[in-house]
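Here is a short, friendly tour of one model. Have the coordinates open as you read.

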Amino acid sequence: MLQFENVSKSFWTGTQRKVILDQASFEVRRGQNLGVLAKNGTGKTTVINMMAGLEKPDEGKIYRNCSVSFPLGFMGGLNTKHSGTENVRYIATLYSLDPDEVEAFCRWLCDIEEYFDMPIGTYSQGMRSRLALSLMLAMNFDLYLVDEGMPSTTDVGFNRRAGSVMSERFQNSTLVVVSHQTDILAKFCTTAAVLHDGKLYFFDTLEEAKELYDYTD
């Protein structure tokens, strides 16, 4: 479904080279909801961006034999000078979807009323999160990517609607969650891995992964 083959990635920090992945090879299989535990600063966002195709590896190959979402909460594809309407219709077109259907779905789920037709730059952080989540859920992906867990808002109605749609979407798809918090992974994931010093260590259970994760403190 999603395969990394001898993938390496690193960055020059100005004083030293920060290794994110070093010759990593693994596969995410259909129906295998994977949780990756990683400390802040270890490169978990870079890893999930590589899964999505937003960043390229320095070496190795990444194979995607399925439709892969952009990371939940990713706002890089949205133009803050344009309205929510213009953004969702444009992105729907990029994914070869019906812009009318995607717009109608996002309007219903977001429920931000007239702000939907205003520039995203005028939105509060909560509104932006609602739009990003709505846009992701408007599309059916085989593999959903989540960086640091599901966003929550103070809007009870939105949380209820989004939770219902997520439950439906995730029943027939696969999920990868990267986080530094084990409780987030426990809600969604069936297998787990730990990212440490450029290596990914895989375990059958979250409890086993947590033992190594705690040891790396």
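## Helix α1 and what follows

Helices here are DSSP runs of H or I with at least four residues, numbered from the N terminus. Keep in mind that the model is a predicted one. Just past α1, glycine 53 adopts a positive phi of about 90 degrees.

The helix itself, α1, spans residues 44-52, and because seven of its nine residues are buried, the rest of the structure largely encloses it. The buried positions are Lys44, Thr46, Val47, Ile48, Asn49, Met50 and Met51. Buried, in this case, means under 20% relative accessible area.

## Aromatic contacts

How many aromatic pairs does the ring-centre rule give? The count comes to seven. In one aromatic pair, phenylalanine 26 meets phenylalanine 202 in a tilted arrangement, with 5.4 Å centre to centre and 40 degrees between the planes. Phenylalanine 26 belongs to strand β2 (residues 17-28) and phenylalanine 202 to strand β8 (residues 199-203), so this pair ties together parts that lie 176 residues apart in sequence.

Are these two rings buried or exposed? Phenylalanine 26 is buried, at a relative accessible area of 8%, whereas phenylalanine 202 is partly exposed, at 37% relative accessibility.

Elsewhere on your aromatic list, Phe70, Tyr95, Phe141, Tyr144 and Phe170 form one cluster.

## A charge over a ring

One more contact to look up involves lysine 39 and tyrosine 213. The charged end of lysine 39 sits over the ring of tyrosine 213, at 3.7 Å from the ring centre.

Conventions. Residues numbered from 1 in each chain as written. Predicted model: local features only at pLDDT ≥ 70, side-chain atom pairs only at ≥ 80, totals over all residues. Heavy atoms only, no water. Buried < 20%, exposed > 50% of the residue type's maximum accessible area, 1.4 Å probe, protein only. Helix = DSSP H or I, 4+ residues; strand = E, 2+ residues; numbered from the N terminus. Phe/Tyr/Trp six-rings, centres within 6.5 Å; stacked < 30°, edge-to-face > 60°. Lys NZ or Arg CZ within 6 Å of the ring centre and 35° of its normal.
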